[in-house]
Amino acid sequence: MGKALEGVRILDFTHVQSGPTCTQLLAWFGADVIKVERPGIGDITRGQLRDIPDVDSLYFTMLNHNKRSITIDSKNPKGKEVLEALIKSCDVLVENFAPGALDRMGFTWERINQLNPRMIVASIKGFGPGPYEDCKVYENVAQCAGGAASTTGFDDGPPLVTGAQIGDSGTGLHLALGIVTALYQRTRTGKGQKVTAAMQDGVLNLCRVKLRDQQRLAHGPLKEYPQYPDGTFGEAVPRAGNASGGGQPGWILKCKGWETDPNAYIYFITQAPVWAEICKVIGKEEWITHPDYAKPEARLPRLTQIFATIEEWTKTKTKFEAMEILNKYDIPCGPILSMKELAEEPSLRKTGTVVEVDHPTRGKYLSVGNPIKLSDSPVEVTRSPLLGEHTDEILAELGFSKEAIAAMRAEKAI
């Protein structure tokens with residue numbers, strides 16, 4: 001067994017989160033990812049949110065596993081010479097600079113294509129072509145501009161951003177798929193191409209069910225939303241609290257210990273095929289045949305009361321006890337797991353979804369491993385590189401002599 005992307009070389013011009021998410025995923029699949037950083041400074045996240053003085057932050061280490069680092073001054077003529085050599089030897093260039101930054105460095109698409117016609121240039125931008133295309137975008141801006149914030153939260157409160165990094169990491173995942181697709185097409189055409197993923201587009205793609213509901217709204221109230229039947233619907237999809245967003249109503253319910261534990265909750269779905277089992281478990285067998293509850297359509301106007309009744313049962317059980325009972329009857333549910341519980345979950349360690357990594361200056365730390373499992377491309381998560389750790393090694397591979405490397409170092413090109 002080998003690595004899926006073995007033999008693919010990635011020139012990584014990315015920083016912060018969206019781009020590094022993409023290139024780390026490609027590195028996990030076996031690509032040789034060469035991270036280009038500024039001498040003495042590096043990726044800005046090396047120093048952001050530090051918990052240990054003078055040590056690369058977890059922000060950086062958890063997004064740059066399995067990569068090599070080379071430091072280059074792109075404004076130095078010798079540094080530019082190295083970059084040109086890298087472009088000639090790599091398969092993919094990935095960047096998430098501000099709009100126009102790569103062009104200002106002298107590496108327009110035309111120049112890159114001239115140096116390496118097989119090169120795939122992959123970019124993450126905040127917005128696609130349109131009125132905002134030159135604007136800088138960060139995670140929460142993308143969530144707001146892509147439709148997530150306006151549809152998250154409760155109807156009587158403000159829009160909310162989610163704790164999931166759907167703008168940054170979500171767009172990085174989209175770009176990784178685009179890169180792999182372009183590599184596959186290149187096997188037929190022999191030509192490189194541009195691949196672009198806009199953060200607004202990525203977030204909207206993940207919010208597609210809300211665009212679905214926007215169109216359904218034109219034909220009447222959204223009966224699975226908590227605003228039905230007593231609330232009001234405006235012109236846009238409202239915030240739906242913890243409603244499921246699908247055809248099967250769901251809600252977050254309190255479990256035993258909720259008074260002191262902020263995560264003693266369970267997500268409970270009143271799936272129609274197991275309605276009878278739900279009624280039996282919570283001691284409401286009369287609901288199985290009662291005309292107000294027997295059919296899904298009859299239950300929709302009464303969901304608030306139904307979930308309140310189910311919650312009286314869940315409050316007598318811990319979330320894990322409730323899970324054990326409900327799963328016996330195939331009732332869909334899920335515990336609200338804290339980050340502490342996820343970090344300590346043995347099954348996630350066993351599958352490599354949570355990994356422990358040893359770092360030369362930080363020591364051992366936990367990180368998220370590859371969420372995508374390939375049977376014939378096993379992933380070993382290795383530590384992130386120290387700043388410029390592989391500069392000499394990479395330059396030697398490009399054919400630069402020891403003397404040339406020493407001269408470049410003296411000129412501070414590297």
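How much accessible surface does the chain have, and what share of it belongs to carbon and sulfur atoms? The accessible surface comes to about 21100 Å², and 55% of that belongs to carbon and sulfur atoms. Please keep in mind throughout that this is a predicted model.

Let me begin with the chain as a whole. Its C-alpha atoms fill a box of roughly 85 × 45 × 40 Å along the principal axes. The secondary structure comprises 17 helices and eleven strands. Of the 414 residues in the chain, 43% are buried. Among contacts with a separation of 6 or more, 65% are between residues 24 or more positions apart.

I turn now to strand β1, residues 9-13. Five of its five residues are buried, so the strand is largely enclosed by the rest of the structure. Arg9, Leu11 and Phe13 point one way, while Ile10 and Asp12 point the other way. On the pairing side, β1 runs parallel to strand β2, residues 32-37, and four bridges join the two. Within that pair, Asp12 stands opposite Lys35. Between these two strands the chain passes through helix α1, residues 18-28, and the resulting β-α-β crossover is right-handed. Strand β1 also has a parallel partner in strand β4, residues 92-95, again with four bridges. There, Ile10 stands opposite Val92.

The loop between β1 and α1 contains Val16. The phi of Val16 is near 60°, a positive value in a residue other than glycine. Most residues other than glycine have a negative phi, and most peptide bonds are trans. Val16 is also buried, because its relative accessible area is 18% and the cut-off is under 20%.

The next element is strand β3, residues 67-71. Five of its five residues are buried, so β3, too, is largely enclosed by the rest of the structure. Lys67, Ser69 and Thr71 lie on one side, with Arg68 and Ile70 on the other, and both faces are covered. Strands β2 and β3 pair in the parallel sense over five bridges, and Val36 stands opposite Ile70 in this arrangement.

Which residues does Arg68 contact beyond its neighbours within four places in sequence? They include Arg9 and Asp32, together with Val33, Ile34 and Lys35. From much further along the numbering come Pro385, His390, Glu393, Ile394 and Glu397. Arg68 itself is buried, with a relative accessible area of 12%.

Helix α7, residues 168-189, permits a check of geometry. At 1.5 Å a residue, its 22 residues should span 32 Å, and the end C-alpha atoms are 31 Å apart, which agrees. Its buried residues include Asp168, Ser169, Gly170, Thr171 and Gly172 at the start of the helix, and also Leu175, Ala176, Ile179, Ala182, Leu183 and Arg186. The elements covering them include α1, β4, β5, α6, β6 and α8. After the helix comes Gly190, with a positive phi near 75°.

Next, the cysteines. How many disulfides does the structure hold? The number is zero. The sulfur of Cys279 has its closest cysteine sulfur in Cys333, at 16 Å, which is too far for a bond. Cys279 is buried, at 0% relative accessibility. For Cys333, the closest cysteine sulfur is in Cys255, at 9.2 Å, again too far for a bond.

One peptide bond also deserves mention. The bond from Tyr228 to Pro229 is cis, with omega near 5°. Pro229 is found in the loop between α9, residues 208-216, and β7, residues 250-254.

I close with the end of the chain. Arg409 belongs to helix α17, residues 402-410, and counts as partly exposed at 39% relative accessibility. Setting aside residues up to four places away in sequence, Arg409 touches Thr391, Asp392 and Ile414. Arg409 and Gly79 are 330 residues apart in sequence, yet their C-alpha atoms are 9.9 Å apart in space. In the segment after α17 lies Lys412, whose phi is near 60°, a positive value in a residue other than glycine. Is Lys412 buried or exposed? Lys412 is exposed, with a relative accessible area of 63%.

Technical notes
Residues numbered from 1 in each chain as written. Predicted model: local features only at pLDDT ≥ 70, side-chain atom pairs only at ≥ 80, totals over all residues. Heavy atoms only, no water. Buried < 20%, exposed > 50% of the residue type's maximum accessible area, 1.4 Å probe, protein only. Pairing = 2+ DSSP bridges. Right-handed = clockwise from strand over helix to strand, strands pointing away. Disulfide = S-S within 2.5 Å. Contact = heavy atoms within 4.5 Å. Areas by Shrake-Rupley, 256 points an atom, 1.4 Å probe, with all protein chains shown as cover. Expected span 1.5 Å × (residues − 1).
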